[in-house]
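Visitor: I have the model open and would like to talk it through with you. Could you take me around it, beginning wherever you like?

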Amino acid sequence: MRRVVFVADIFRKDFLGGGECNDDVLINHLIARGYQVQTKRCVEVNLDDLGQNNFFIIGNFISLSEEFKALLQKEDYIIYEHDHKYVKSRDPSKYRNFLAPPNEIINQAFYQNAIAVVVLSDICKQIMKKTLHIDNIYNIGCSLWSEQKLDFIATLNSQNKNEKFAIIESTNPIKNTFEAVEFCNKNSVQYGLIKYCAERELLTALSYYTGLVFFPKVLETFSRISAEAKMLNCKLLTKPKMLGFASEDIYRLSGNALISEIRKRVDSALKLFTSLIEGPNG
């Protein structure tokens with residue numbers, strides 16, 4: 001098997017973000033399949049990584065140098081897209097009909113020359129296709145969770161609910177905690193704040209709430225927390241046009257029905273990644 005070099009700005013051990021959780025599930029799957037996987041932060045890659053018949057998977061790549069991006073286009077690589085790095089703003093919702101003007105488009109050749117660009121939702125595929133005019137886009141229609149994490153969520157989704165809606169307390173302005181609080185105050189919605197904590201602790205806390213209030217400021221490529229809320233049988237007060245998750249037909253599901261469909265999609269997604277690595281003759 002070819003060695004896989006997984007390149008990203010940061011990894012799950014550095015920060016517990018949605019993109020990093022996605023990457024971690026994929027990395028662990030590839031290792032379990034017998035691949036030799038080397039993880040490298042974007043600032044750690046060097047020319048010695050090139051020309052070695054490696055297969056590259058590129059996660060978030062804000063800190064990847066322009067020189068390395070150009071050289072990488074002579075290698076075999078796929079981009080696992082988490083946050084719209086093909087537009088300067090990293091948020092296509094800022095543009096009319098989600099279509100960025102030419103002067104706002106970046107990294108076009110990098111996306112164009114990838115073996116594949118893997119996205120998390122249909123809306124992301126459609127936006128990227130019309131923005132970059134490329135056809136190498138694969139939509140997996142979900143975020144990635146481990147079987148163990150989905151099993152854990154399933155143990156929580158029959159929890160008795162309180163009468164409040166949860167708001168995840170975040171200092172990240174794009175998560176827009178302020179607007180969620182303001183909405184609840186204006187509309188007499190009882191709410192409670194869940195402080196930043198470990199992933200399982202957060203899911204456990206959320207499972208006690210009637211619902212989740214979430215008004216992101218940018219188009220979420222999927223919205224892991226929104227899907228987790230629905231898997232926990234929580235209601236969702238949000239802006240569907242700002243969630244990639246809402247562009248998928250599974251958005252209408254909740255509880256065990258949603259968990260079941262997510263399992264199927266994760267399985268299909270992991271098979272897609274291995275088939276892309278192994279190629280048509282793999």
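Guide: This is a predicted model, and a good place to begin is helix H8, where eight of the eight residues are buried, so the helix is largely enclosed by the rest of the structure.

Visitor: Which residues of H8 are buried, then?

Guide: The buried residues in H8 are Arg224, Ile225, Ser226, Ala227, Glu228, Ala229, Lys230 and Met231. Just after H8 comes Asn233, which takes a positive phi of about 65 degrees.

Visitor: And the sheet, what is the order of its strands?

Guide: The sheet is open and is formed by four strands in the order S8-S7-S9-S10, with parallel pairing. Strands S8 (191–194) and S10 (235–238) stand at the edges, and because each has a single partner strand, one side of each is left without a neighbour in the sheet. On average, and with direction ignored, neighbouring strands of this sheet are turned by 30 degrees against each other.

Visitor: How many bridges are there between S7 and S9?

Guide: Strand S7 (residues 165–168) and strand S9 (residues 211–214) pair in the parallel sense over two bridges, and Phe165 stands opposite Gly211 in S9.

Visitor: Which helices pack on that sheet?

Guide: Helix H6 (residues 177–186) packs on the sheet and touches S7, S8, S9 and S10, its direction making about 155 degrees with that of S7. Helix H8 (residues 224–231) also packs on the sheet, touching S7, S9 and S10, and its direction makes about 165 degrees with that of S9.

Visitor: Changing topic, which residues touch the most other members of the largest nonpolar core?

Guide: That core has 57 residues, and those touching the most other members are Leu26, Ile57, Tyr80, Leu144, Leu206, Met231 and Ile262. Helix H9 (residues 255–278) contributes the largest share of this core, ten residues. There is also a second, separate core of 30 residues, which includes Cys42, Tyr77, Ile79 and Met128.

Visitor: What does Leu206 touch, leaving out residues up to four places away in sequence?

Guide: Leu206 touches Ala166, Ile194, Gly211, Leu212, Ile225, Ala229, Leu232 and Cys234 on that basis.

Visitor: One last thing, is Leu71 buried or exposed?

Guide: Leu71 counts as partly exposed, because its relative accessibility is 27%, while buried would mean under 20% and exposed over 50%. Leu71 lies in helix H2 (residues 66–72) and, leaving aside its neighbours within four places in sequence, is in contact with Leu47 and Leu50. From C-alpha to C-alpha, Leu71 and Gln108 are 15 Å apart in space, and they are 37 residues apart in sequence.

Technical notes: Residues are numbered from 1 along each chain as its sequence is written. This is a predicted model: local features need pLDDT of at least 70, side-chain atom pairs count only at pLDDT 80 or more; totals for chains, interfaces and linings use all residues. Side-chain values use heavy atoms; hydrogens and water are left out. A nonpolar core is a set of buried Ala, Val, Leu, Ile, Met, Phe, Trp, Tyr and Cys residues joined through side-chain atoms within 4.5 Å. Buried means under 20% relative accessible area, exposed over 50%, partly exposed in between (1.4 Å probe, protein chains only). Contact means heavy atoms within 4.5 Å. Two strands pair if DSSP finds at least two bridges between them. Axes are lines fitted to C-alpha atoms, for helices over the stretch in contact, and angles run from 0 to 180 degrees between N-to-C directions.
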